[in-house]
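Reader: I am a first-year student and would like a close look at a single part of this model. Please take one chain and go through how it is put together.

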Amino acid sequence: MKRNILALAMASTALLTSAAYAEDVTLTIESWRNDDLALWQEKIIPAFEASHPGIKLKFTPSAPTEYNAALNSKLDAGSAGDLITCRPFDASLALYDAGHLSDLSDMDAMDNFSDVAKAAWQTDDGSASFCVPMAAVIHGFIYNKDAFNELGIEVPTTEEEFFAALDKIKEDGTYIPMAMGTNDQWEAATMGYNNIGPNYWKGEEGRKALIAGEQKLTDEQWVAPYATLAKWAPYLGDGFEAQTYPDSQNLFTLGRAAIYPAGSWEISGFNAQADFEMGAFKPPVRNAGDECYISDHTDIGIGMNAKTEHPEQAKEFLAWVASPEFATIFGNALPGFFPLSKTPVELEDPLAKEFASWRGECESTIRSTYQILSRGTPNLENETWGASAAAIKGTETPEALGKKLQEGLANWYEPQK
Amino acid sequence: MSRPRFRWHIVVFLAPAVLVYTAVMIFPLFNTLRLALYSKIDQERVFVGLQNFTTLLGDPLWSDQFWNALGNNFWFFLMHMLVQNPIGVALAAILSHPRLRFAAFYRSAIFIPTILSFVIVGFAWKLILSPIWGIAPSMLDAVGLKSLFAPWLGKEEYALTTLSLISVWQFVGIPMMLIYAALLSIPEEILEAGEIDGITGMSAFWKIKLPLILPSIGIISILTFVGNFNAFDLIYTTQGALAGPDFSTDILGTFMYRTFFGFQLQLGDPYMGSAIASAMFAIILIGVCLYLFGIQTRMRRYQL
């Protein structure tokens, strides 16, 4: 008799648990942020699952360089996850046009974002929004505070001061003045050209004029940043031509380099690696007193696979992503990725705070090549990588680079013809 | 007199291999060739005939990249033919010397890199040659030749040659093994007969062994050709899909990958990608045919 009861109890528990499992819906998230795996598993997913019983999340990131290709293949094959982390601009727009992403314009939660924040994931006419904006990254320079104190260097605000500081570090010889390599090319473009460039082309003003065809890449404000980049070469480490992105990161966090041209996404990694105090300064302006511009680039959004089997649960998750609760968790767990929602988020990390404070002092803009201009062949963004690396290495003159880029753009972009 | 029975067992035994091979090789191959004749216009797949190929060869934007990749590919191949295969033959000749000690050890040591993954080889060499952490600069420094060191993988003029030599290092074991096997199959009597006629040492190699292993060298050349023109992995793992610096290491494989799957903001174009893949297929086919009909049929063979 006793044994029977036990068997019955066991059977009923088994039944109950299996019933509970059957009700749970698991949503899979596609992402290129494999660095964030721990954050999702330890903070975001538990927070969401606690407030939304019945929905389980699975975060399945792939390598950043392979993400676009892998995602496109998965979507075409119908094996992609329910939620898709969106690259800004055309990569996601193409997914929307191909019917892979759902239109989210009618979601109430979208009102939590400004138009600028939403612009990266809208159709050209702004009629449809297909991804919930998650975060932006800000460019600038991270520096080794200990090194600056040791050498008695003030944080530079103008280009003149910037190069004077570099000279001083180089003369002293303890530190490599600046950690950057040209091997991976994108560093030169993203942390070089698009970092210092907005001060030259006056942020949004120049970027929009370029899209409208009123300015050309051969104009002074678009060529001059290359000339400045060319002056960086003597301050980069020996053999910077073969120095990769991880090399640069390690050089800086090991305390061997004094300045690191950065994107704010480095903050959490650097906090974990570096055992010296870090500070940040914004791209130096050309002349004292100039208006400053920063690249505050909308970088991550999240959308819904149009073919998902659980659209309601997916929308529930997206609405939660748009909420202040998510912004607070995300902004603080990932210092350096700044939430885009209208409600300001209180940040705790001092370095991240420093980056975010520039939003109040300077005009924000996004990277010049991202909206519309990288739609054709040749691809302006990829060409800019090569051009920026060539500028630093000095293999081509800034004027020649500007001319080459302009020719490439004029080749397919009507307003620039 | 009954008609010979149809031999079903032949069909049955062939079927698994034929089916699998068709599904994973023949069908994708022809589908790729077919895809090259289409293009996507306004989300619709449209038949465009040979237009993708005229773009590839006629539009300077594409043709510059194509010829650059093809030229780099030929250089990559040439380096293998000039460095890998002669070294492979030389190693095999040395290994087959009867009085060499530890021959088995050398043989395995030289062959091991061949079984390593490209990712490991690429990563290891990138570290060895790194100007920051690598052992290459300090080793050169130890013998007083530091001035010879350059960031090879980052310089336009050296990067491709450096990568070719890395690939040679990895694959030199294959020609070595094939030639070694061919050398071992040469009967002693022939060499002894030569010795009686006064042909010994080096001249025995040049006059007897080399003519006998020529067919093997031919096979190795064609394997090298096919392997090199399909190469992709090593360049991708060390230099990325943009095959930097400034496309100086771009070969057809990386060019195809970038076009087919897209890269960063550049969206993938499966149709142009297929056109490039078809061009690669054609180049390899022509190369193999030239060899088969132009060289192999004329090669003298000796009955051993």
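Author: What follows is a walk through chain A, from its overall build to its domains, a helix pair, one residue and its contact with chain B.

The model is predicted, and everything below should be read with that in mind. Chain A has 18 helices and 10 strands. Its radius of gyration is 24 Å, close to the 22 Å that the globule rule gives for 417 residues, so chain A is as compact as a globular protein of that length. Along the principal axes, the C-alpha atoms of chain A fill a box of roughly 90 × 55 × 35 Å. Of the 417 residues in chain A, 50% are buried. If we take the contacts in chain A with a separation of 6 or more, 78% are between residues 24 or more positions apart.

Next come the domains. Chain A is divided into domain 1, made of 23–136 and 297–351, and domain 2, made of 137–296 and 365–416. Each domain of chain A is thus listed as two stretches of sequence. The C-alpha centres of domain 1 and domain 2 of chain A lie 28 Å apart. The contact between them takes 14 residues from domain 1 of chain A and 17 residues from domain 2 of chain A. On the domain 1 side, strand β8 of chain A (residues 293–304) gives the largest share, three residues. By class, the residues on that side of domain 1 of chain A are eight nonpolar, three polar and three charged.

Now a pair of helices. Helix α17 of chain A covers residues 380–393 and helix α18 of chain A covers residues 398–410; they pack at an angle of about 170°, with their axes 10 Å apart. Because of that angle, α17(A) is roughly antiparallel to α18(A). From α17(A), the contact is made by A:Leu380, A:Glu383, A:Thr384, A:Ala387, A:Ala390 and A:Ala391. From α18(A), the residues are A:Pro398, A:Leu401, A:Lys404, A:Leu405, A:Gly408 and A:Leu409. Sorted by class, the contact of α17(A) with α18(A) has eight nonpolar, two polar and two charged residues.

A single residue can be followed in the same way. A:Gln313 is found in helix α14 of chain A, which covers residues 311–321. There are 21 other C-beta atoms within 10 Å of A:Gln313, and therefore this residue is buried. Leaving out residues up to four places away in sequence, A:Gln313 touches A:Val25, A:Leu27 and A:Ile55. A:Thr174 is another matter: A:Gln313 and A:Thr174 are 139 residues apart in sequence, and their C-alpha atoms are 56 Å apart in space.

Last, the partner. Chain A offers 34 residues that are in contact with 26 residues of chain B. On the chain B side, the elements that give two or more residues are β3 (262–263) and β4 (266–267) of chain B. The chain B residues on that side divide into 14 nonpolar, nine polar and three charged. Chain B itself has 13 helices and four strands, and 32% of its 304 residues count as buried. The C-alpha trace of chain B spans about 90 × 80 × 30 Å along its principal axes. Among the contacts in chain B with a separation of 6 or more, 66% are between residues 24 or more positions apart.

Note on methods:
Residues numbered from 1 in each chain as written. Chains lettered and ligands numbered in written order. Predicted model: local features only at pLDDT ≥ 70, side-chain atom pairs only at ≥ 80, totals over all residues. Rg over C-alpha atoms; globule rule 2.2 N^0.38 Å. Buried ≥ 20, exposed ≤ 12 C-beta atoms within 10 Å, placed from the backbone. Contact = placed C-beta atoms within 7 Å. Axes fitted to C-alpha atoms, helices over the stretch in contact; angles between N-to-C directions. Parallel < 35°, antiparallel > 145°, perpendicular 65-115°, else oblique. Nonpolar A, V, L, I, M, F, W, Y, C, P; charged D, E, K, R; others polar. Domains from an automatic or database assignment.
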